[in-house]
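Dear colleague,

I am passing on the structure we spoke about, with the sequence alongside. Please have it open while you read the notes that follow.

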There are 2 protein chains.
Amino acid sequence: MAKTRFKGVLVPAITPFDDRLEVDVPLFVKTCKWLLAQGANGLAVFGTTSEANSMSIPERKRALEALVAAGIDPAVLLPGTGQCSLPDAVDLTKHAVSLGCGGVLMLPPFYYKPVSVDGLEAFYSEVIERVGSADLGLWLYHIPQMTGVAIPYDLIERLIRRYPDTVLGIKDSSGDWPNTEGMLTRFPGFGIFPSSEGVLVKAMRLGAAGCITASGNINAAGIRSLVDHWQAPDADERQKPVAAVRDLFSKFPLIPAAKAVLATKLGQPGLAKVRPPLSQLTAEQTADLLAKLEGAGHAFKPAAF
Amino acid sequence: MAKTRFKGVLVPAITPFDDRLEVDVPLFVKTCKWLLAQGANGLAVFGTTSEANSMSIPERKRALEALVAAGIDPAVLLPGTGQCSLPDAVDLTKHAVSLGCGGVLMLPPFYYKPVSVDGLEAFYSEVIERVGSADLGLWLYHIPQMTGVAIPYDLIERLIRRYPDTVLGIKDSSGDWPNTEGMLTRFPGFGIFPSSEGVLVKAMRLGAAGCITASGNINAAGIRSLVDHWQAPDADERQKPVAAVRDLFSKFPLIPAAKAVLATKLGQPGLAKVRPPLSQLTAEQTADLLAKLEGAGHAFKPAAF
């Protein structure tokens, strides 16, 4: 199974929960297919927005297997497999590779801090060695506001040097443009994904691979169109409405907000549920967000759900 | 099985790893028995110092079962069972209760942030309801420098009000004395454990239950003696040498330092191993630490290992 050099807009698909807060696997499969129909180039399932860190390992495996069994090409899947513990990260990564996933998106171990670059290099290296597969494509995941553990340039450089055919890219969710810009300058050819479509055109001009963005859940069609036209003469004009949707969306807590919008728009009230410690959007917040989206001219691509 | 109202010095026992970084269960059992022989009143196994967050759930269960099978009274055990995900926290907590453990020490879910007090209350409540056992004694675990998720007074108050027979105490590892002092004042009768023996006497005078401390791994005997004499006329004098050992010890990274000291003193070089992302103490650091401990008059209680 060839690994994928991911490009374009990847969506960290939300994970639906039922009334007992169990993973609603059939609804998850349906949501993922619909996101691909909206135009997502790939699905970064089990990311932060997916509440993956509120799920157990067996739950994540079962849901991933269901996607593949339902006919989604595993080459478009970039599941999150980062865990605090080495055996867990190895376990999830092996499982993803065995299913033929195009790659994995891997958080650093995020409990202990501070940790040294040596310690992080040892962790990622151990995972790669223990998985021991030429089919593994690994994307690093930099999201210090959640993990408290950054992925510095030095670590990226060491890992690329050591595993050039395995460590293929990074998702930079810091929201810190100078950091993204520095990565793009330092690591040409590395698959760099900022986490906001608000900077998509300028990032792609510097060589970014695309974006992996929470708001892809609600605006995959709009973002995909921008991805497809970033070299068009009117790309800067096209950037504006996409950035505007992102801007107003990001005034709300992203995960409950993405779920609330899909719940309403797809007529699936259960989609709004989140697991604790997160809290569902209130009815007032949801109405406010929907009105603002409408005001910004936001629309889904017509597609059956 | 009655739950335990823990008192005194509880040690977050280190977890030994073998050459392949697998949990060395026989050595773990031996270390735990030795810590009890040193004078520990109980063992807060699978805490931060135990590298529990670098272990998988099956590893933690197996190691806990081995302690009980080896004849350690489960009533003295306070295993860590906090996890980012609700099903994992429920799973580990049920397992600990089923083994008859005196209580569990529970981190808040520590990936998502910021989270609301409502969200944290929902998480702890769901765990308690799903475990659904009158035998559950739950200690909260406040260690914001690792988790990024604090346990505010408001949350403690809500949980005590809602589950007075279940939520029995807290380990305050913030190292922030005003926070500890505030808890002791606000919640009389609650089982409050600061994480440093350096404040033991003053904390016990305000009603603390004892301390749960990383350096208990290397100075359980000294701390136990202080616990047993905190009301003695010379308690302030007794506090000084115990605090001095803690002070010099805490200049080193606590987990590798505890392991390095035990590895040398117990003649078990393997005990020094840590899992990534942590890094082992260097030979120079180890020699420096051992010399300083000797200079401070540190000694183990004679006990077979």
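In this model, which is predicted, the largest nonpolar core has 192 residues. The residues with the most contacts inside that core are Leu10(A), Leu43(A) and Trp139(A), together with Leu10(B), Leu43(B) and Trp139(B).

Trp139(B) may be worth looking at on your screen: once its neighbours within four places in sequence are left aside, Trp139(B) is in contact with Leu78(B), with the run Gly103(B), Val104(B), Leu105(B) and Met106(B), with Leu168(B), Gly169(B), Ile170(B) and Lys171(B), and with Gly191(B).

As to how the two chains are arranged, a turn of 180° with a shift of 0.0 Å along the axis lays chain A on chain B with an RMSD of 0.0 Å, and this is therefore the relation of a two-fold axis. The same surface serves both copies, in that 100% of the contact residues of chain A recur in chain B. Within chain A, the residue that comes closest to the rotation axis is Gly148(A), whose C-alpha lies at 3.8 Å.

The contact itself takes 31 residues from chain A and 31 residues from chain B. On the side of chain A that touches chain B, α3 (86–98) and α4 (117–131) of chain A each supply at least two residues, and α4(A) gives the most, with six residues. Sorted by class, that side of chain A has 17 nonpolar residues, eight polar ones and six charged ones.

With best wishes

Methods: Residues are numbered from 1 along each chain as its sequence is written. Chains are lettered from A and ligands numbered from 1 in the order in which they are written. This is a predicted model: local features need pLDDT of at least 70, side-chain atom pairs count only at pLDDT 80 or more; totals for chains, interfaces and linings use all residues. Copies are superposed by least squares on the C-alpha atoms of residues with pLDDT of at least 70 in both. Two residues are in contact if their C-beta atoms, placed from the backbone, lie within 7 Å. Helices (H or I, at least four residues) and strands (E, at least two) are DSSP runs, numbered from the N terminus. Ala, Val, Leu, Ile, Met, Phe, Trp, Tyr, Cys and Pro count as nonpolar, Asp, Glu, Lys and Arg as charged, and the others, Gly among them, as polar. A nonpolar core is a set of buried Ala, Val, Leu, Ile, Met, Phe, Trp, Tyr and Cys residues joined through C-beta atoms within 7 Å. A residue is buried if 20 or more other C-beta atoms lie within 10 Å of its own, exposed if 12 or fewer, and partly exposed in between; C-beta atoms are placed from the backbone.
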